[in-house]
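Q: Please take me on a close look at one part of this model: the place where the ligand sits. I'm new to this, so start from the ligand and work outwards to the parts around it.

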Amino acid sequence: MRIVLLGAPGSGKGTQAALLQERLGLPHISTGVLLRKAVEDRTPLGQQANAIIDRGELVPDDVMLELIEQRLGEADAQKGFLLDGYPRNLSQAQSLDKLLERLGQPVDEAIQIDIDPESVIARIAKRAETEDRSDDTEDVVRNRMQVYEEQTAPVVGYYAERGLLTRVLGTGSIEEVLRLILSVLEIEHPGLTA
Ligand code: ADP
């Protein structure tokens, strides 16, 4: 089963993907995590991405496509995956479709976690107290939210047009949101979560 998770920064995508990974036995592929690891390891990709991430902007599409193509080619991704942080604009959505078509593994589900901007700001401020992410400062968070509105929000429509999108409310507790997502997957794929 191949699932794309969509949602604003701070919507809880990463948290839910980590829980879903355990429940569904699918790898959680987060481009944010992959990029931060590359930065930490000072790889050429990390050196290129570092300043871009710190401004809250998007790493170039060709770089991201190479990264995701490589990750999706690994053995654990052959049984399916939970994609978190990709695609982030329409061009990435088209590239992903082409790639997955070539691999004969199209996206089965896109799940959008809906949340209001005030909750996002509050959540990220809280996260900044415990996690040391250089892009969680207030100015950068605002920029990430703007980038999301302008570039990533249209991706929701892209999947809706293809009949693959379900929206879930992301304002409840972690357990409540997880239950909503599992019920969506169970309805569409009975038996999957049993
Ligand atoms: P969040 O969704 O909470 O903003 P992520 O961990 O998903 O955070 O991503 C952090 C940063 O990594 C983004 O602001 C962006 O700079 C970069 N990034 C992640 N995924 C992509 C992508 N698909 N395309 C371009 N840049 C990306």
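**Around the ligand**

A: Let's begin with a side chain: a polar side-chain atom of R88 lies 3.0 Å from an oxygen atom of the ligand. Keep in mind that this is a predicted model, so every distance here is computed from it. The backbone takes part as well. A polar backbone atom of E57 is 2.5 Å from an oxygen atom of the ligand, and a polar backbone atom of V59 is 3.1 Å from a ligand nitrogen atom. How much of the ligand does the protein bury? Taken alone, the ligand exposes 550 Å², and 96% of that is buried by the protein.

Next, the neighbours. The ligand is surrounded by 19 residues, and the closest are T31, R36, E57, G85 and R144. We can follow some of these outwards.

Start with T31. Helix α2 covers residues 31–40 and packs against helix α4, residues 61–72, at an angle of about 105°, with the axes 11 Å apart. That angle makes α2 roughly perpendicular to α4. T31 belongs to this contact too: together with L34 and L35 of α2, T31 faces M64, L67, I68 and R71 of α4. Sorted by class, the contact has 5 nonpolar, 1 polar and 1 charged residues. So T31 appears twice in our tour, among the closest residues to the ligand and in the packing of α2 with α4.

A little further along the chain, the loop between α2 and α3 (44–55) holds R42. Most residues other than glycine have a negative phi. R42 is not a glycine, yet its phi is positive, about 55°. After this loop, look at L45 in helix α3. Leaving out residues up to four places away in sequence, L45 touches L35, A38, V63 and L67. You have just met L35 and L67 in the contact of α2 with α4.

Now go back towards R88. Y86 and P87 are joined by a cis peptide bond, with omega about 0°. Most peptide bonds are trans. P87 is in the loop between β3 (81–84) and α5.

Finally, follow α5 itself. Helix α5 (residues 90–103) and helix α7 (residues 138–161) have axes that come within 8 Å and cross at roughly 45°. That makes α5 oblique to α7. On the α5 side, L90, A93, Q94, L96 and D97 make the contact, meeting Q151, P154, V155, Y158 and Y159 in α7. These residues divide into 7 nonpolar, 2 polar and 1 charged. And R144, within the span of α7, brings us back to the ligand, as one of its closest residues.

Conventions
Residues numbered from 1 in each chain as written. Predicted model: local features only at pLDDT ≥ 70, side-chain atom pairs only at ≥ 80, totals over all residues. Heavy atoms only, no water. Axes fitted to C-alpha atoms, helices over the stretch in contact; angles between N-to-C directions. Helix = DSSP H or I, 4+ residues; strand = E, 2+ residues; numbered from the N terminus. Parallel < 35°, antiparallel > 145°, perpendicular 65-115°, else oblique. Contact = heavy atoms within 4.5 Å. Nonpolar A, V, L, I, M, F, W, Y, C, P; charged D, E, K, R; others polar. Near = heavy atom within 4 Å. Polar contact = N/O pair within 3.5 Å; in protein donor to acceptor, adjacent residues only side chain to side chain. Areas by Shrake-Rupley, 256 points an atom, 1.4 Å probe, with all protein chains shown as cover.
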